[in-house]
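Visitor: I'd like a close look at a single part of this protein, with enough of the surroundings to see how that part fits in. Could you walk me through it?

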Amino acid sequence: MDFHSYVRDINDFPEPGVVFKDITPLLKDVNALNKATNELLAFAQRHEIDKVVGVDSRGFIFAPMLASKLGAGFVPVRKVGKLPYHTVSESYNLEYGSDTLEIHTDAIEKGQRVLVHDDVLATGGTAKAVCNLVEQLGGEVVQCNFLVHLTFLNGGDRLNGYEIASLLQY
């Protein structure tokens, strides 16, 4: 399946000069959604995975489905102030600003094997922050899994040492 045809470019979103990769056409097509889920699952199936971490907010789309199919728990990583229990946080830079993410302190146990999933790998700041949070709690990141990898932004360089898998590359 040509997944590229299900991703549209939105110019100047969220800021002028940014070309946003909109995955909603893929999400609304049941065949594309199922095929994408199965291909993302295939990337991770060779690993033993205890938890799938989904990144706020579009990472929440595929991560719970992957967790369910992998027989793993789902862990949300959210923006500051959105999680109700005790958290640890990590700040990072984006291609157009900075942000902070949080995870519950009891979300991952020492030694658990973790799949990190997000919709897009751009500059790598978000994914690296999530990996840092997982490791701060004692987890082991076994793979960083993305729907889209914007290779021209070199975000994979920030994830040096982590296995990266993505369905689409631009």
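Visitor: Let's take His149: in which strand does it lie?

Guide: His149 lies in strand E8. Keep in mind as we go that this is a predicted model.

Let's start with the residue itself. His149 has a relative accessible area of 12%, so it counts as buried, the cut-off being under 20%. Leaving out residues up to four places away in sequence, His149 touches Leu121, Gly156, Ile164, Ser166, Leu168, Gln169 and Tyr170. One of those partners, Gln169, sits in E9 and stands opposite His149. E8 covers residues 140–149 and runs parallel to E9, with 5 bridges joining the two.

Now zoom out to the sheet. Seven strands make it up, so to speak, in the order E5-E6-E4-E3-E7-E8-E9, and the sheet is open with mixed pairing. Strand E9 (164–169) is an edge strand, and so is strand E5 (87–94); each of them pairs on one side only. Going from one strand to the next, the twist averages 25°.

Two helices deserve a look here. Helix H3, residues 59–70, packs on the sheet and touches strand E3 (51–55), strand E4 (73–79), strand E7 (113–121) and E8. The direction of H3 makes about 170° with that of E3. Then there's helix H4, residues 125–136, lying across E3, E4, E5, strand E6 (97–104), E7 and E8. H4 runs at about 160° to E5. E8, the home of His149, is thus on the contact list of H3 and among the strands that H4 lies across.

Follow the sheet over to its edge strand E5 and you can pick out Leu94, which has its place in that strand. Leu94 comes out at 23% relative accessibility, and that makes it partly exposed, since buried would need under 20%. Setting aside residues up to four places away in sequence, Leu94 touches Asp99, Thr123 and Thr126. There's also a spacing worth checking on your screen: the C-alpha atoms of Leu94 and Ala122 are separated by 8.4 Å, with their positions 28 residues apart along the chain.

Strand E2 (residues 19–22) isn't in the strand order I gave for the sheet, but let's stop there too. Phe20 has its place in E2, and with a relative accessible area of 17% it counts as buried. Beyond its neighbours within four places in sequence, Phe20 is in contact with Arg8, Asp9, Ile10, Phe13 and Arg58. Try measuring across to Val120 as well: C-alpha to C-alpha, Phe20 and Val120 are 9.9 Å apart in space, though 100 residues apart in sequence.

Asp22 lies in E2 too, and it is buried, with a relative accessible area of 10%. Its side chain has a polar contact of 2.6 Å with the side chain of Arg8, and another, of 2.8 Å, with the side chain of Thr24. Neighbours within four places aside, the residues in contact with Asp22 are Tyr6, Val7, Arg8 and Ile10. Arg8 therefore turns up for Asp22 both as a contact and as a side-chain polar partner.

Just before E2 comes a loop, between strand E1 (8–11) and E2, and Glu15 is found in it. Glu15 is partly exposed, with a relative accessible area of 35%. From Glu15 to Lys35 you move 20 residues in sequence, and the two are 31 Å apart in space, C-alpha to C-alpha.

Finally, the whole chain. The protein has 4 helices and 9 strands, and from the N terminus on the elements run β-β-α-α-β-α-β-β-β-β-α-β-β. For 170 residues a compact globule would have a radius of gyration near 15 Å, and the protein agrees with that, at 15 Å. Its C-alpha atoms fill a box of roughly 40 × 35 × 30 Å along the principal axes. Of the 170 residues, 47% count as buried, and His149 is buried as well. Among contacts with a separation of 6 or more, 58% come from residues 24 or more positions apart. As for the outside, the protein exposes about 8100 Å², with carbon and sulfur atoms supplying 45% of it.

How values were computed. Residues numbered from 1 in each chain as written. Predicted model: local features only at pLDDT ≥ 70, side-chain atom pairs only at ≥ 80, totals over all residues. Heavy atoms only, no water. Pairing = 2+ DSSP bridges. Axes fitted to C-alpha atoms, helices over the stretch in contact; angles between N-to-C directions. Contact = heavy atoms within 4.5 Å. Buried < 20%, exposed > 50% of the residue type's maximum accessible area, 1.4 Å probe, protein only. Rg over C-alpha atoms; globule rule 2.2 N^0.38 Å. Areas by Shrake-Rupley, 256 points an atom, 1.4 Å probe, with all protein chains shown as cover. Polar contact = N/O pair within 3.5 Å; in protein donor to acceptor, adjacent residues only side chain to side chain.
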